[in-house]
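User: I am new to reading structures and would like a guided tour. Could you show me how to read the features one by one?

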Amino acid sequence: MFCFKTIRHFWLPALCVFSTAAYANTTQHIYDARGRLIEVSNASAAATVYYKLDKANNRIATSNTPIPDTPVISSFSAPASVAKQWAPATIKWTSTNSTHCSIAVGGDPNAYPNLPTSGSQAVLMPETTAVVVWCHNNGLSTSNGRIIQVNGIQN
């Protein structure tokens, strides 16, 4: 006699014994407003998997802890130019879903670290270069920037 079952089985001559346990597996699927799977939880295993998707429905992150929302810079402004070298350029930004922001000037990503999530900052312009506002949220970041032209040399 042969016994086939997906649950554990034991085969003994003339006797087939199935080990059955009471399984109370309940899997819960949670979808966002667009119908995309964002969370799967199994209460009996005390396990949850979270999914983060981009706007094109591509999975960009999977975690066993809730995934923070990607920061968004909703407004950004910076002048196209300053009158002379080392003149200040006022950078303004507003962000959501971020814990802090920073400003990179040229090749220095930490020129102005740990700034608020919204605000303004006067940035001294040593030369024509890129100025980029970065906003961060637990490992996720977004940026917006522009190249600011320095028109003259400091006297």
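User: Let me start with a single residue: is C101 buried or exposed?

Analyst: Burial is judged by relative accessible area: buried means under 20%, exposed over 50%, and partly exposed in between, using a 1.4 Å probe and protein chains only. C101 has a relative accessible area of 0%, so C101 is buried. A word on the source: this is a predicted model, in which local features need pLDDT of at least 70 and side-chain atom pairs count only at pLDDT 80 or more, while totals for chains, interfaces and linings use all residues. Residues are numbered from 1 along each chain as its sequence is written, and side-chain values use heavy atoms, with hydrogens and water left out.

User: Which residue does C101 form a disulfide with?

Analyst: In general, a disulfide is a covalent bond between the sulfur atoms of two cysteines. The rule applied here asks for a pair of cysteine sulfur atoms within 2.5 Å. The partner of C101 is C135, and their sulfur atoms are 2.1 Å apart. By this rule the count is 1 disulfide.

User: What parts of the chain does this pair tie together?

Analyst: C101 sits in strand 10 (residues 100-105) and C135 in strand 13 (residues 129-137), so the disulfide links parts that are 34 residues apart in sequence. Strands here are DSSP runs (E, at least two residues), helices are runs of H or I with at least four, and both are numbered from the N terminus. C135 is buried as well, with a relative accessible area of 0%. The torsion about the S-S bond of C101 and C135 is about 100°, so this disulfide is right-handed.

User: How many helices and strands are there in the protein chain?

Analyst: The protein chain has 0 helices and 14 strands. Buried residues account for 24% of its 155 residues.

User: How do I read the way strands pair, and which strands form an open sheet?

Analyst: Two strands pair if DSSP finds at least two bridges between them. In this model, 5 strands form an open sheet in the order 8-14-13-10-11, with mixed pairing. Its edge strands are strand 8 (81-82) and strand 11 (108-115), each of which pairs on one side only. Within that order, strand 13 and strand 14 (residues 140-150) run antiparallel and are joined by 9 bridges. There, V133 stands opposite N144 in strand 14. A general idea helps when you look at such a sheet: in a regular strand the side chains alternate between the two faces of the sheet.

User: What do strand 3 and strand 4 form?

Analyst: Strand 3 and strand 4 form a hairpin with 5 residues between them, and G35 in the turn has a positive phi of about 80°. Strand 3 (residues 27-31) and strand 4 (residues 37-42) run antiparallel, joined by 5 bridges. Strand 4 also pairs with strand 5 (residues 47-53) in the antiparallel sense, over 4 bridges; here V40 stands opposite V49. Strand 5 in turn makes a hairpin with strand 6, again with 5 residues between them, and N57 in that turn has a positive phi of about 70°.

User: Which residues is S41 in contact with?

Analyst: Contact means heavy atoms within 4.5 Å. Leaving aside neighbours within four places in sequence, S41 contacts T26, T27, Q28, A47 and T48. One of these, Q28, stands opposite S41 in strand 4. S41 is buried, with a relative accessible area of 12%.

User: And where is I91 found?

Analyst: I91 is in strand 9 (residues 87-96). At 0% relative accessibility, I91 is buried. Not counting residues up to four places away in sequence, I91 touches several residues, including F76, I103, V131, V133 and I148. The C-alpha atoms of I91 and V132 are 9.2 Å apart, though 41 residues separate the two along the chain.

User: Last one: which residues line the largest pocket?

Analyst: The lining consists of R34, R36, K52, L53, D54, K55, I60, D69, T70, V72 and N97. A pocket is an open set of points on a 1 Å grid over the protein atoms alone, where a 1.4 Å probe fits, with protein on both sides within 12 Å along at least five of seven lines; lining residues have an atom within 4 Å of a point. By class, the lining has 3 nonpolar, 2 polar and 6 charged residues; Ala, Val, Leu, Ile, Met, Phe, Trp, Tyr, Cys and Pro count as nonpolar, Asp, Glu, Lys and Arg as charged, and the others, Gly among them, as polar.
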